[in-house]
Amino acid sequence: MSAFEIDHFVLTVANVERSVKFYRDRLGLTIEQFEDGRTAIRLSTHQKINLQIKAHPHLPVAAQPTFGSSDFCLMTDKTPNALVTWAEQQHLIIETGPVVRHGARGTMTSLYVRDPDQNLVELAAVGTL
């Protein structure tokens, strides 16, 4: 393990249920409840995204928690071709892509979509088309 890795990050959303539907039903991720009814999107056994609404944040919070201001990348184990096919089958609105990008894992093929709060979500597969 390096000095630091991402365990989780917090995404401020306007409506938790609407975000759950997108990440669970459109992207196929697992949703879990923790602590006092808080909601998280499980990415792996070691990573998750905690959801919070601005009106009821879990303290402490960022100085300006605002929905729609995030931009992050989610990696998949799909091949680049399989990612494109899957995104089409899910009827995701692709804002940009497929495009070649260079992330922490090297060269990847990315598709950019928006979640219900207009956060930019990069969906990426290692390699190129």
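Modeller: Let's start with size. The radius of gyration here is taken over C-alpha atoms, and the globule rule is 2.2 Å times the number of residues to the power 0.38. Keep in mind that this is a predicted model.

Colleague: Okay, so how do you know whether the radius of gyration agrees or disagrees with a compact globule?

Modeller: For 129 residues the rule gives a value near 14 Å, and the protein has 15 Å, so the two agree. If you'd rather think in box dimensions, the C-alpha trace spans about 45 × 35 × 25 Å along its principal axes.

Colleague: What makes up the protein, in helices and strands?

Modeller: Two helices and eight strands. Going along the sequence, they come in the pattern β-α-β-β-β-β-α-β-β-β. Also, take the contacts between residues at least 6 apart in sequence: 51% of them link residues at least 24 apart.

Colleague: Which strands are called edge strands in the open sheet, and why?

Modeller: The sheet has four strands in the order 1-4-3-2, with mixed pairing. Strand 1 and strand 2 (30-34) are its edges, as each pairs on one side only. From one strand to the next, the twist averages 30 degrees.

Colleague: What makes strand 2 and strand 3 a pair?

Modeller: Pairing takes at least two bridges, and five bridges join strand 2 to strand 3 (residues 38-42), so they count as a pair. They run antiparallel, with E32 standing opposite A40 in strand 3.

Colleague: What lies across those strands?

Modeller: Helix 1 (residues 16-26) lies across strand 1, strand 2, strand 3 and strand 4 (48-53). Its direction is at about 155 degrees to that of strand 4.

Colleague: Let's zoom in on T12. Why is T12 called buried rather than exposed?

Modeller: T12 sits in strand 1 (residues 8-13). Its relative accessible area is 7%, and buried means under 20%, so T12 gets that label. Across the whole protein, buried residues make up 34% of the 129.

Colleague: How do you know that the side chains of T12 and Q52 are joined by a polar contact?

Modeller: The pair is at 3.1 Å, and the cut-off is within 3.5 Å, so the distance qualifies. Beyond its neighbours within four places in sequence, T12 is in contact with Q52, I53, K54, P65, T66, F67 and G68. A62 is 50 residues away along the chain from T12, and their C-alpha atoms are separated by 9.8 Å.

Colleague: Now the odd backbone spots. What makes H91 stand out in phi?

Modeller: Phi of H91 is near 55 degrees, a positive value in a residue other than glycine. H91 sits in the loop between helix 2 (80-89) and strand 6. At 62% relative accessibility it is over the 50% mark, so H91 is exposed.

Colleague: And why is Q118 called partly exposed?

Modeller: Q118 comes in at 46%. Partly exposed runs between 20% and 50%, so Q118 falls in that band. Q118 lies in the loop between strand 7 (106-114) and strand 8 (120-126), and its phi is positive too, about 75 degrees, although Q118 is not a glycine.

Colleague: What kind of peptide bond joins G97 and P98?

Modeller: A cis one, with omega at about 5 degrees. P98 is in strand 6 (residues 96-103).

Colleague: Last one: how much of the accessible surface belongs to carbon and sulfur atoms?

Modeller: 53%, out of a total of about 7,900 Å² for the protein.

Technical notes: Residues are numbered from 1 along each chain as its sequence is written. This is a predicted model: local features need pLDDT of at least 70, side-chain atom pairs count only at pLDDT 80 or more; totals for chains, interfaces and linings use all residues. Side-chain values use heavy atoms; hydrogens and water are left out. Buried means under 20% relative accessible area, exposed over 50%, partly exposed in between (1.4 Å probe, protein chains only). A polar contact is a pair of N or O atoms within 3.5 Å; within protein, one must be able to donate a hydrogen and the other to accept it, and residues adjacent in sequence count only if both atoms are side-chain atoms. Contact means heavy atoms within 4.5 Å. Axes are lines fitted to C-alpha atoms, for helices over the stretch in contact, and angles run from 0 to 180 degrees between N-to-C directions. Accessible areas come from the Shrake-Rupley method with a 1.4 Å probe; for residues, only the protein chains shown count as cover.
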